[in-house]
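This briefing covers one protein chain, with its sequence and model shown below. It begins with how far the coordinates can be trusted and then moves through the sheet, the cores and some single residues.

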Amino acid sequence: MSQRPSELLRRHGLRPKKEWGQNFLGDARILGALAELTGARPGETVVELGAGLGHFTRALAATGARVIAVERDRGERIVVCGNLPYHLSSPILFHLLDHRASLRRAVLLLQREVAERVAAPPGGRDYGVLSVLVQLVADARIGLQVDRRAFTPPPDVESSALVLDFLSGPRAEVRDERRFRALVKAAFMHRRKTLWNAVRGMPGAREALERAGIDPKRRGETLSVAEFAAVERQLP
């Protein structure tokens, strides 16, 4: 049985670095459940983002997968997982989106509010930029809720395991992904505004909404991923 994070830290004279967002998870039951969420198969490559004290690494290795801590091009779609520092969640998510062609699945332990935003369906207050951009290329779901008391030291927030299954291609056709991101960000920048007032700064936006069959009086949070993609395709 592996030592608890507090014991290992004390044994080696270490302390978690708050500025690095270090909250170590040592609960074997939760770690086993997270490893199971990866769906990792024996011999499959799993990339762990930040190995910490090695507790999650050990649980992943128990699946029979090859666990590595750096990203390499091995000519296969790999599984990525990690207990992410909360302040780096969004940058890491965008980095994964940029490298999705190499990924089969990601299991990420995140602040609960962030995980719920990524997995949120259209129409609710949690649905936003991350929801649309991630769900364009992946199926997103909450796989596990993790109590803050399971960590050493306990963070100020609750956590959830977000499971992303990357699609073989985008859910809807997009002509220019950078422009799609700009459109989505504009639509959610001022949530109280109508869609037209939110995106009117983009050239050809009014005509694009009309050609896509989208009522310009709707609000951004009511559009599905497919509807956002339809508007982007109509932009000049």
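Over residues 70-74, pLDDT stays under 50, and for this stretch the model has seven contacts beyond four places in sequence. Where pLDDT is low, the predicted coordinates should not be read in detail. The model is a predicted one, and its chain has a mean pLDDT of 86, with 83% of residues reaching 70 or more.

**Confidence and overall make-up**

- Helix H1 (residues 5-11) has the lowest confidence in the chain, at a mean of 57, while helix H10 (residues 225-234) has the highest, at 98.
- The chain contains 10 helices and eight strands.
- Of the 236 residues in the chain, 42% are buried.
- Contacts between residues at least 6 apart in sequence include 68% that join residues at least 24 apart.

**The sheet**

- Six strands form an open sheet with mixed pairing, in the order S3-S2-S4-S5-S8-S6.
- Strand S3 (66-68) and strand S6 (138-146) are at the edges; each has a single partner strand, so one side of each lacks a neighbour in the sheet.
- From one strand to the next, the twist averages 20°.
- Helix H2 (residues 28-37) packs on the sheet and touches S5, S6 and strand S8 (159-166), with its direction at about 170° to that of S6.
- Helix H5 (residues 112-119) also packs on the sheet, where it touches S5, S6 and S8; the direction of H5 makes about 150° with that of S6.

**Strand S2 and its partners**

- Strand S2 (residues 45-48) pairs with S4 in the parallel sense over three bridges.
- S2 and S3 also run parallel and are joined by three bridges.
- Val47 of S2 stands opposite Ile68 in S3 and opposite Val80 in S4.
- Two further bridge partners in S4 are Val79, for Val46, and Cys81, for Glu48.
- In a regular strand the side chains alternate between the two faces of the sheet.
- S2 is covered on both faces: Thr45 and Val47 are buried on one side, and Val46 and Glu48 are buried on the other.

**Strand S4 and the step to S5**

- Is strand S4 (residues 78-83) largely enclosed or left open by the rest of the structure? Five of its six residues are buried, so S4 is largely enclosed.
- S4 pairs in the parallel sense with strand S5 (residues 103-111) over six bridges, and Ile78 stands opposite Leu103 in S5.
- Together with helix H4 (residues 89-98), S4 and S5 make a right-handed β-α-β unit.

**Nonpolar cores**

- In soluble globular proteins, nonpolar side chains tend to be buried together.
- The largest nonpolar core here has 49 residues, and the ones with the most contacts inside it are Val132, Leu164, Phe166, Phe180, Val199 and Phe228.
- Helix H7 (residues 177-189) is the main contributor to this core, giving six residues.
- A second core, separate from that one, has 20 residues, among them Leu37, Ala59, Val107 and Phe151.
- Beyond its neighbours within four places in sequence, Phe166 is in contact with Arg77, Leu97, Arg100, Leu103, Arg104, Arg105, Ala106, Val137 and Ala138.

**Glu232**

- Glu232 is located in helix H10.
- Is Glu232 buried or exposed? Its relative accessibility is 0%, and because buried means under 20%, Glu232 counts as buried.
- Outside its neighbours within four places in sequence, Glu232 has contacts with Val174, Arg175, Asp176, Arg179, Phe180 and Leu183.

**Trp196**

- Trp196 is part of helix H8 (residues 195-199).
- Which residues does Trp196 contact, leaving aside its neighbours within four places in sequence? They are Ala205, Arg206, Leu209 and Pro216.
- Trp196 and Leu209 are 13 residues apart along the chain, and their C-alpha atoms are separated by 8.1 Å.

**A cis peptide bond**

- Thr152 and Pro153 are joined by a cis peptide bond, with omega at about -10°.
- Pro153 lies in the loop between strand S7 (151-152) and S8.

Conventions
Residues numbered from 1 in each chain as written. Predicted model: local features only at pLDDT ≥ 70, side-chain atom pairs only at ≥ 80, totals over all residues. Heavy atoms only, no water. Buried < 20%, exposed > 50% of the residue type's maximum accessible area, 1.4 Å probe, protein only. Helix = DSSP H or I, 4+ residues; strand = E, 2+ residues; numbered from the N terminus. Pairing = 2+ DSSP bridges. Right-handed = clockwise from strand over helix to strand, strands pointing away. Core = buried A, V, L, I, M, F, W, Y, C linked by side-chain atoms within 4.5 Å. Contact = heavy atoms within 4.5 Å. pLDDT = per-residue confidence, 0-100. Axes fitted to C-alpha atoms, helices over the stretch in contact; angles between N-to-C directions.
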